[in-house]
Amino acid sequence: QVQLVESGGGLVQAGGSLRLSCAASERTFSNYAMGWFRQAPGKEREFVAAISWSGGLAYYADSVKGRFTISRDNAKNTVYLQMNSLKPEDTAVYYCAADSSWRTVPPRTPLVYDYWGQGTQLTVSS
């Protein structure tokens, strides 16, 4: 059982930056595609970004392109989400997820991911 723990959320003023981290419990994290998703109150969970196991492929939701960057450090079993130019509409609980199926292309749908973190709250004020 893989455990994922997110950290780094908080309260940020619009235009500010934060870096979220997701630490995995085991070494095989390096073989998993990883994704970031978010869920705002009253809304469905939505895709934010995903990265392949090698780090060579990354995809982003249109709403965050140019502002967010996903990266990973497999030696540390950690995936990151650097968030710049934050907007109030970015406010949500952010979740990291792991896909254990060794896919080359990181998936965008949350239905594919096998393991999820507990989430970390990001609030962006006006």
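Visitor: What makes Arg19 a charge over the ring of Tyr80?

Guide: In this predicted model, the charged end of Arg19 sits 4.4 Å from the centre of the Tyr80 ring. The cut-off is within 6 Å of the ring centre, together with an angle within 35 degrees of the ring normal, so Arg19 counts as sitting over Tyr80. Arg108 is placed over the face of Tyr59 in a similar way, at 4.1 Å from the ring centre.

Visitor: Why is the aromatic pair of Tyr32 and Tyr115 called stacked?

Guide: Five aromatic pairs are counted here. In the one formed by Tyr32 and Tyr115, the rings are 6.5 Å apart centre to centre, with 20° between the planes. Centres must lie within 6.5 Å to pair, and planes under 30 degrees apart count as stacked, so this pair earns the name.

Visitor: Which parts does that pair tie together?

Guide: Tyr32 belongs to the loop between β3 and β4, whereas Tyr115 belongs to strand β10, so the pair ties together parts that are 83 residues apart in sequence.

Visitor: How do you know whether Tyr32 is buried or exposed?

Guide: Its relative accessibility is 8%. Buried means under 20%, so Tyr32 counts as buried. Tyr115, at 18%, also falls under that cut-off and counts as buried.

Visitor: What is the pair of Tyr113 and Trp116 called, and why?

Guide: Their ring centres are 6.2 Å apart and their planes stand at 65°. Planes over 60 degrees apart count as edge-to-face, so that is the label for Tyr113 and Trp116. Ring pairs also link these two with Phe37 and Phe47 into a cluster.

Visitor: Why does Trp116 count as partly exposed?

Guide: At 26% relative accessibility, Trp116 lies between the 20% cut-off for buried and the 50% cut-off for exposed, so it is partly exposed. Tyr113, at 5%, is under 20% and therefore buried.

Visitor: Let's turn to the strands. What makes β2 and β11 a pair?

Guide: At least two bridges are needed, and β2 and β11 have four, so they pair, in the parallel sense. Leu11, for example, has Thr123 in β11 as its bridge partner. Strand β9 is joined to β11 by three bridges, so this antiparallel pair passes too. There, Tyr94 stands opposite Thr120.

Visitor: Which side chains of β11 point to the buried face?

Guide: Thr120, Leu122 and Val124 point to one face and are buried. Gln121, Thr123 and Ser125 point to the other face and are not buried. Such alternation between the two faces of the sheet is what a regular strand shows.

Methods. Residues numbered from 1 in each chain as written. Predicted model: local features only at pLDDT ≥ 70, side-chain atom pairs only at ≥ 80, totals over all residues. Heavy atoms only, no water. Buried < 20%, exposed > 50% of the residue type's maximum accessible area, 1.4 Å probe, protein only. Phe/Tyr/Trp six-rings, centres within 6.5 Å; stacked < 30°, edge-to-face > 60°.
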